[in-house]
Structures are given as structure tokens and as C-alpha cells.
Amino acid sequence: SEEVLMAITGLIKNAIKSAHEKSWMENREYRHYSGDCQPKDNSPILYKLHEVDNCVERQPPAIPLQKSA
């Protein structure tokens with residue numbers, strides 16, 4: 001669940017939502033599941049922690065903020 005992913009990785013809810021919309025792909029970083037093996041878009045989500053970690057590791061270093069004088 002999102003709550004477990006947040007606790008394990010330190011990602012915040014908005015970061016997870018943004019990643020779902022912009023960079024994560026179903027069956028790569030996450031997948032929907034259901035007891036009848038016929039998941040729908042609104043079915044619960046299982047996250048692939050290893051792939052989520054890989055996504056974070058692929059990001060470039062943060063750009064330093066400009067200090068004002």
C-alpha cells in the first residue's frame with residue numbers, strides 16, 4: 001500500500017502520485033491485483049520496491065538552489 005511504501009522509502013504521498021502520473025509504469029514499478037486474478041484500474045496496488053528504488057537511483061543529483069545576495 002502507499003502507506004507502507006511511504007514508511008519504507010520515505011517518499012511522500014504527492015511524490016508517489018506524481019510518479020504514477022509521470023514516470024512509473026504498471027507492471028514495472030507497480031501492479032494492480034485482485035483475488036480473482038482480473039484486476040481493474042481501481043484494484044489495490046502492489047509496489048515493486050526494487051524497481052521503485054531503481055527509479056530513484058536513476059535520477060540525476062539535485063540542482064543546487066541559487067543563493068540570494
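Colleague: I'm new here, so let me start small: is R58 buried or exposed?

Modeller: Bear in mind that this is a predicted model. To read burial, look at relative accessible area: over 50% counts as exposed and under 20% as buried. R58 comes out at 52%, so it counts as exposed.

Colleague: And how do I read salt bridges? How many does the structure hold?

Modeller: You look for a side-chain nitrogen of Lys or Arg within 4 Å of a carboxyl oxygen of Asp or Glu. The structure holds three such bridges. R58 is in one of them, meeting E29 at 3.6 Å, N to O. That pair links distant parts of the chain, with R58 in helix α3 and E29 in the loop between α2 and β1, 29 residues apart.

Colleague: Which residues are linked with R58 in a network?

Modeller: R28 and E29 join R58 in a network of salt bridges. The side chains of R28 and E29 meet at 2.8 Å, N to O. Burial varies here: E29 is buried at 0%, while R28 is partly exposed at 33%.

Colleague: What does E2 form a salt bridge with?

Modeller: Its partner is K13, with the closest N and O atoms 3.1 Å apart. E2 sits in helix α1 and K13 in helix α2, so the bridge ties together parts 11 residues apart in sequence. E2 is partly exposed at 22%, and K13 is also partly exposed, at 47%.

Colleague: Last one: how many disulfides does a search of the whole structure find?

Modeller: For those you'd want two cysteine sulfur atoms within 2.5 Å. The search finds zero. As for cysteines, C37 is exposed at 61%, whereas C55 is buried at 11%.

Notes:
Residues numbered from 1 in each chain as written. Predicted model: local features only at pLDDT ≥ 70, side-chain atom pairs only at ≥ 80, totals over all residues. Heavy atoms only, no water. Buried < 20%, exposed > 50% of the residue type's maximum accessible area, 1.4 Å probe, protein only. Helix = DSSP H or I, 4+ residues; strand = E, 2+ residues; numbered from the N terminus.
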